[in-house]
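Biologist: Could you take a close look at the pockets for me, and at the strands that go with them? I'd like it as one connected story.

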Amino acid sequence: MAQTPGLRERLKTRVPSWRHFAARARADRRNIAYDLLPLLDYRGRQRVGRLIRHFTPRTTDLSPSPLAQSLCAELREDGLTAIQPPIDAQVLSDLTAYFRDLPCHDPYRPHLGRFRWDEVPSEDINIGYYTPEEVIRAPHALALANHPDVLAAAELYLGARPILDNIGAVWSFPGRATAKGVQRFHRDYDCVGNVKLFYYLTDIDAQSGPHVFVRGSHRSPILETGKAQTDADIEAAFGADKVVTLTAPAGSWFLEDVYGFHKGLLPVSRPRLLLAFQYNLYATPHSPKAPVMDNPGGFDAYINQVFLR
């Protein structure tokens with residue numbers, strides 16, 4: 001089993017040199033917290049998180065529904081909520097049509113350009129990505145990201161008002177030989193406190209790339225290496241009974257603390273389309289430096305500050 005690395009090794013996860021760190025800090029001040037985050041172990045994240053919450057606003061009249069309270073309780077216990085019923089069929093249809101018509105890309109192979117989800121130019125591409133700007137402009141995206149019960153659950157869990165950040169939509173393609181990137185067990189080191197909302201936009205069974213999560217790993221310091229882990233190491237550390245595979249019909253959704261170990265399985269029979277919205281205590285460099293669209297009205301300015309003017 002992999003051992004927890006020392007302070008110097010954790011620093012090098014994102015800071016190979018101080019010159020590199022300074023250059024990234026000048027390019028985007030959000031990189032400072034992001035690049036230094038791997039220095040914090042589980043307890044360090046908890047301590048810094050408490051400090052940040054002290055200076056972060058809260059909703060004074062927050063009145064969470066029974067569903068929001070239940071979602072928060074599940075997050076605290078398992079790091080994962082139960083799968084929730086599918087969204088409205090017309091909303092789902094509008095979303096899938098939008099992403100089926102919009103070319104995606106592989107940021108790790110920019111020379112291949114943009115491509116349709118059903119015309120992937122290389123077998124080396126496991127995942128097709130959309131930009132945050134494209135995702136936030138998708139039909140119904142803002143409404144889904146601002147689901148009142150989700151926002152209330154996120155605030156209850158984080159202990160402060162969340163900021164919508166690090167959003168994405170991806171196709172995972174079937175028939176690939178090797179899992180890559182987020183298709184291997186990993187923790188997300190984005191913020192000291194975060195909750196992620198996942199929407200399945202295609203039917204997900206065992207053959208179509210279901211999401212997998214390790215219950216309870218969100219509150220464990222085990223395997224804090226900052227690196228992907230094998231299935232064998234995960235099962236040895238947490239037990240096979242803690243590994244949960246999430247299958248559900250299109251439109252279903254769930255919440256997760258992505259500091260817990262998770263991955264998306266390689267699809268076997270058909271591609272998977274996934275939509276995700278993350279709620280953080282502060283903004284990260286995964287999102288645009290400046291808002292990309294006007295607030296159409298009715299959306300909280302603080303929560304949506306990264307994307308809406």
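Modeller: Sure. For the class counts below, Ala, Val, Leu, Ile, Met, Phe, Trp, Tyr, Cys and Pro are nonpolar, Asp, Glu, Lys and Arg are charged, and everything else, Gly included, is polar. Keep in mind that this is a predicted model.

Take the second largest pocket, which holds about 260 Å³ of space. Its lining is made of 14 residues, with Gln46, Arg53, Tyr157, His218 and Asp257 lying nearest the centre. Two elements give two or more residues to that lining, helix H4 (42–54) and helix H9 (148–158). H4 has the largest share, at four residues. Sort the lining by class and you get five nonpolar, four polar and five charged residues.

Now the largest pocket, with a volume of about 1400 Å³. Here 47 residues do the lining, and those nearest the centre are Tyr108, Tyr129, Val182, His186 and Asp188. By class, that lining splits into 19 nonpolar, 15 polar and 13 charged residues. Strands S1 (127–129), S2 (163–172), S3 (194–200), S7 (262–264) and S8 (272–280) each put in at least two residues. S2 gives the largest share, six residues.

Several of those strands turn up again in the sheet. It's an open one of five strands, in the order S1-S2-S8-S3-S6, with antiparallel pairing. S1 and S6 (253–256) sit at the edges with a single partner strand each, so one side of each has no neighbour in the sheet. On average, and ignoring direction, neighbouring strands here are turned by 25 degrees against each other. At the S6 end, S3 and S6 pair in the antiparallel sense through four bridges, and Tyr199 stands opposite Trp253 of S6.

One more strand pair to look at while you're there: S4 (residues 211–214) and S5 are also antiparallel, again with four bridges. Phe213 has Val244 of S5 as its bridge partner. S5 (residues 243–246) shows two faces, a covered one with Val244 and Leu246 and an uncovered one with Val243 and Thr245. That puts Val244, the partner of Phe213, on the covered face of S5.

Note on methods. Residues numbered from 1 in each chain as written. Predicted model: local features only at pLDDT ≥ 70, side-chain atom pairs only at ≥ 80, totals over all residues. Heavy atoms only, no water. Buried < 20%, exposed > 50% of the residue type's maximum accessible area, 1.4 Å probe, protein only. Pairing = 2+ DSSP bridges. 1 Å grid on protein atoms, 1.4 Å probe; cavity = no way out; pocket = protein on both sides within 12 Å on 5 of 7 lines; lining within 4 Å. Points joined across faces, edges and corners; volume = space filled by probe spheres on them. Axes fitted to C-alpha atoms, helices over the stretch in contact; angles between N-to-C directions.
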